[in-house]
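User: I should like a close look at a single part of this structure, explained step by step for someone new to the subject. Please begin from one position and then follow its surroundings.

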Amino acid sequence: MSAIYGANKDEFVTSLAAIALYDGDAEITADNINTLLAASNNVVAPYWPGMFANILKDGGAEKLVFSVGGPAPAPVAVAAAGGDAPAGEAPKKEEKAKVEEVDALDG
């Protein structure tokens, strides 16, 4: 933790405490966050635990966790421009000639 200082450290350790509470199915409150911070020998500005608790209350944690990395937008089909096809009509598929298999051993 020596590379993280000041408000960045406060935010980081408070968010980890909130994640630990969420993962442990405990209620995310300012008091519970402060308890975890004290147990891990971290001291933060007094507004951080309350701010995180307010943001994550009433299902806010689930919304935050499950909104990240949502589904990608559906791909858009782009029709190839055919020189002979009228506008609005898809070009017709070419039919391949059927090839009959002949067994060389059948006279």
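Where is the place of Asp25?

Analyst: Asp25 is in the loop between α1 and α2. Please keep in mind throughout that the model is predicted.

Let us begin with the loop residue itself. Asp25 follows helix α1 and has a positive phi, near 55 degrees. This positive value occurs in a residue other than glycine. Asp25 also counts as exposed, because its relative accessibility is 74%, and the cut-off for exposed is over 50%.

A second loop residue may be described in similar terms. Asn41 lies in the loop between α2 and α3. Although Asn41 is not a glycine, its phi is positive, at about 60 degrees. With a relative accessible area of 69%, Asn41 is exposed.

These loops belong to a chain that can be outlined briefly. The protein has four helices and zero strands, and its elements run α-α-α-α from the N terminus on. Buried residues make up 19% of its 107 residues. Among the contacts with a separation of 6 or more, 49% are made by residues 24 or more positions apart.

We can now step back from Asp25 into the helix that precedes it. Helix α1 has 18 residues, which at 1.5 Å a residue should span 26 Å; the C-alpha atoms at its ends are 26 Å apart, so the two values agree. The buried residues of α1 are Asp10, Val13, Thr14, Ser15, Ala17, Ala18 and Leu21. Their cover includes α2 and α3.

One of these buried residues carries a charge. Asp10, which is in helix α1, is buried yet has no salt bridge. The nearest side chain of opposite charge belongs to Lys9, at 4.5 Å, whereas a salt bridge requires a nitrogen within 4 Å of a carboxyl oxygen. Apart from neighbours within four places in sequence, Asp10 is in contact with Val43, Val44, Ala45 and Trp48.

The last of those partners, Trp48, leads to the aromatic residues. Trp48 is buried, with a relative accessible area of 8%. A search of the whole structure finds two aromatic pairs. In one of them, the rings of Tyr47 and Trp48 have centres 5.2 Å apart and planes at 35 degrees, so this pair is tilted. In the other, the rings of Trp48 and Phe52 have centres 6.1 Å apart and planes at 45 degrees, so that pair is tilted as well. The reasoning rests on the angle, because planes under 30 degrees apart count as stacked, those over 60 as edge-to-face, and the rest as tilted. Together, the ring pairs link Tyr47, Trp48 and Phe52 into a cluster. Trp48 and Phe52 are four residues apart in helix α3, so about one helical turn separates them.

Phe52 deserves attention of its own. It counts as buried, because its relative accessibility is 13% and the limit for buried is under 20%. Leaving aside neighbours within four places in sequence, Phe52 is in contact with Glu11, Thr14, Ser15, Ala18 and Ile33.

Several of these names return in the nonpolar core. The largest such core has 13 residues, and those with the most contacts inside it are Ala18, Ile28, Ile33, Leu37, Phe52 and Leu56. Two or more residues of this core come from each of α1 (6-23), α2 (30-39) and α3 (47-56). Helix α1 gives the most, with four residues. As background, nonpolar side chains tend to be buried together in soluble globular proteins.

Finally, a residue of α3 offers a contrast with Phe52. Met51 lies in helix α3 and counts as partly exposed, because its relative accessibility is 35%. The C-alpha atoms of Met51 and Thr29 are separated by 9.6 Å, while the two residues are 22 residues apart along the chain.

To return to the starting point, Asp25 is an exposed residue in the loop between α1 and α2. The helix before it, α1, has buried residues whose cover includes α2 and α3.

Methods
Residues numbered from 1 in each chain as written. Predicted model: local features only at pLDDT ≥ 70, side-chain atom pairs only at ≥ 80, totals over all residues. Heavy atoms only, no water. Core = buried A, V, L, I, M, F, W, Y, C linked by side-chain atoms within 4.5 Å. Buried < 20%, exposed > 50% of the residue type's maximum accessible area, 1.4 Å probe, protein only. Contact = heavy atoms within 4.5 Å. Phe/Tyr/Trp six-rings, centres within 6.5 Å; stacked < 30°, edge-to-face > 60°. Lys, Arg positive; Asp, Glu negative; His and termini not counted. Expected span 1.5 Å × (residues − 1).
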